[in-house]
Amino acid sequence: MTNATIQEIEGIDDYWGPAFRSVYEGEGGHEAFVQQLDERIKQHDKEIEKLCNFYYQGFIDSIRELLQVRSHAEELHAEISNVDSNVKDTTESLCSRADELIRARRVELNIAATIEKMELCLPLLTTYSKLKTQVDAKRYYPALKTLEQLEHVLLPRVGPYNWCAQISADIPRLRQAIRDASMADLRDFLENIRKLSPQVGTMALKQTQDMLGRSLANIVKNKKDSMLGVSGKDNSGAQCPHELVDFSPLHRCLHIHTVLGAKNDFIQYYRAQRKQQARLVLIPATGNLHDSIQGMKSYLSAVLGFFILEEHLLTTGAGLVSKDWLLDTWSMSVTKVASTLRTSTSLITDPTLMLSIKHQIMLFINTIKCYGLPTDPLPLLLQEMAEHYTEVLMQRWVGVFRDILDNASFLPIEVENQEEYDGVMDTFPYDGDELETQPFPRKFPFSAMVPAVYVQVKEFIYAWLKYSAGLGLGGGRRAAAARHSASLLLSRSFTGCLSALFRRPLPLMQLVQIIVDTQYLEDATSFLYEFISNITGSELVTTQAAGSMFQSARDDAEQQICNNLEKKVDEFLDLENYDWLLVEPTGQASAFVTDMLSYLSGVLTSLEQLPERARVAAVRAATNRIATRLRNLLLEPGVRQVSAGALHQLDLDVIQCEQFAAGEPVPGLREGELLEHFAALRQLLDLITGWDWSSYLHDVGIEGGKYALVTPRDAATLLEKLKEAEQKSSVFSVLKKNERDRRKLLDTVLKQLKQLQNQDG
């Protein structure tokens, strides 16, 4: 086993572990192995010694050769040392040059690397410089594109340098600066279009006016002028209203915010600012639009220009303005515009200014239609303005009518020759067949006021039709409105002027002439309606009932005629004082009564031109006034005594008046109508003069009695006055028996009348 182990060790050069394990684990232990190993060493020593002895001579020869080589080696060493020192001297300079070359090559490499890096950095720096230049030149949209290239392309390519970090840190600031600068440009743009909006609106209104005024002749003339080179238009100028405004700043701002990712915020900001500007535009700059047409033009031009620009942006603004937003803003604005115009026009008192404003509003409406915006409620405003325009015209014509009435003589027109006659016939439609056969001078039944008013009414119709032109009304509607306005002018304005005229006292004949004149004016309304129909080209329609237009004025005139007659009656009665203690009557009516009735007869005859109703009213008023005054004279508290003679004289006067009344001085009276005014006075006089107290006391309080109109108070008052007169006349005389009986009866009746009076009270 030991021999096998030793053989195994000899045969294996690198891994002896199993052999050593077998030595330590084998039988006999390692002592035997050591012993065997020593023997094996000795055996190998013997073999080595044998081998050395075999090769010893060769070894000696080798040693001798080696000793010979020693001298050669020393020579060689000397030579090598010499060569080495030479090489060493030579290589030292070479090494220094090599080091220099290495350093130069290193520098060259560094320069190349630097050039390479600089080539990478140079576009970045150039772009950054370009960015600064663009920002300074306010070319913000290209600057923003450059900024994006700088941030996303060039900076990542260069690498992490400090100056790159500074540029990277500067990019947000530059982006914010560009955004702020674009917003500043937007604000400048908004301010600019606010200033230019009136010019845009003015140009649009002018173009609309030119378009509405086009005719074939104008088109041919303009074409000829353009061919001859005399056209007044500058071809290089703006052809459309929106071309007056440079929208490039707005589009740049939109593009910038689109790149910045803030397009929606920009749109909302723009709309909010424009809506705020719209509210400012809707506030008149002048404050009082009713002062002049220029203020109204400026206001409408500013509003119109605002929405023309917004409508242009609707199609070109890349979403800046939407249809819904535009219609919503316009709806809000047009309502405010209508309200402002309504308030301003309601204060206008100049019809010429009203016409100019109406023209401007019509141009405004037509221009708005051209841009596709709804016009409501502006047409309704024009209708309301038409009503106010009518009121303004009527107010102006009130002054005209007042001048005519103040200067009128209210005398029938008298012409001396055919020329004057034709002049009247040309101004007023009068059927003058009767006058044609009469010699000159000829007299018309109406005064100069009638043709003057007729001419002014036609002028009013002309003025009113000027406003209605262009409103889109048909001929029938225009004619109906014109007839209504003319009727209002006559029935309200002119009638009002007549009523104002009647507030001052007028001579009776002037009042009569005024009533006659109003009748002729009323009859002429049919010719006015025909005149309106001819102008408007509509069917002739009569809307005013005959005899009703000036009825209130005639009522006032008739009332003043009645008042004049009553005053005249008062004058007759006031100038003559009754002798209430007259002993015997004269046997005939008093002279003043006869004169008064004669005067009334003459006046009633002069009223033949008046309608029957007016004459009946006049005679009623006069007779009623006579009866009332005579009764009041008899019962007046200031008259304390009335004699029987005075009572009989009054009875004669009343009889004279009753004869006048019974004669029916004017036609149209009911039979006995005027006598009814004297009935109460007649019954009182019959009762006192006839001394029929038994019948009176029996029928008192019974309707239809003989003395039903005599009150106990009136009877007692008159009896007391008779009693006072009789007592005064019989103070110094002795009463006869029948007189004493009469006195006693008087006292008894008076006592009963007072009892009845107390019962009535």
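This short presentation concerns the salt bridges of a predicted model and one helix pair that such a bridge joins.

Good morning, colleagues. I shall begin with the overall count. How many salt bridges does the model contain? The count comes to 16, and I shall discuss three examples, followed by a helix contact.

The first example lies within a single helix. The side chains of E74 and R70 form a salt bridge, with an N to O distance of 3.8 Å. Both residues belong to helix α3, which covers residues 29–136. They are 4 residues apart, which corresponds to about one turn of the helix. Is R70 buried or exposed? R70 has a relative accessible area of 53%, and because the cut-off for exposed is over 50%, R70 is classed as exposed.

The second example connects two helices. R625 and D570 form a salt bridge in which the closest N and O atoms are 2.7 Å apart. R625 is located in helix α21, residues 612–635, and D570 in helix α19, residues 551–575, so this pair ties together parts that are 55 residues apart in sequence. As for accessibility, R625 is partly exposed at 28%, whereas D570 is buried, with a relative accessible area of 12%.

The third example also connects two helices. Here R682 pairs with D651, and the closest N and O atoms are 2.4 Å apart. R682 sits in helix α23, residues 679–690, while D651 sits in helix α22, residues 644–662; the pair therefore ties together parts that are 31 residues apart in sequence. Are these two partners buried or exposed? R682 is buried, with a relative accessible area of 14%, and D651 is likewise buried, its value being 14%. Returning for a moment to the second example, D570 and R625 belong to one network with D574 and R629, joined by salt bridges that share partners.

Let me turn to the helices that hold R682 and D651. How do α22 and α23 cross? Their axes come within 11 Å and cross at roughly 145°, and the crossing is left-handed. On the α22 side, the contact is made by L647, H648, L650, D651, V654, I655 and E658. On the α23 side, the contributing residues are L681, R682, L685, I688 and T689. By type, the residues of this contact comprise 7 nonpolar, 2 polar and 3 charged. The salt-bridge partners D651 and R682 are thus listed among the contact residues.

To close, I would direct your attention in the structure to the pair R682 and D651, both buried, which ties α23 to α22. Thank you.

Key:
Residues numbered from 1 in each chain as written. Predicted model: local features only at pLDDT ≥ 70, side-chain atom pairs only at ≥ 80, totals over all residues. Heavy atoms only, no water. Salt bridge = Lys/Arg side-chain N within 4 Å of Asp/Glu carboxyl O. Buried < 20%, exposed > 50% of the residue type's maximum accessible area, 1.4 Å probe, protein only. Axes fitted to C-alpha atoms, helices over the stretch in contact; angles between N-to-C directions. Left-handed = near helix turned anticlockwise from the far one by under 90°. Contact = heavy atoms within 4.5 Å. Nonpolar A, V, L, I, M, F, W, Y, C, P; charged D, E, K, R; others polar.
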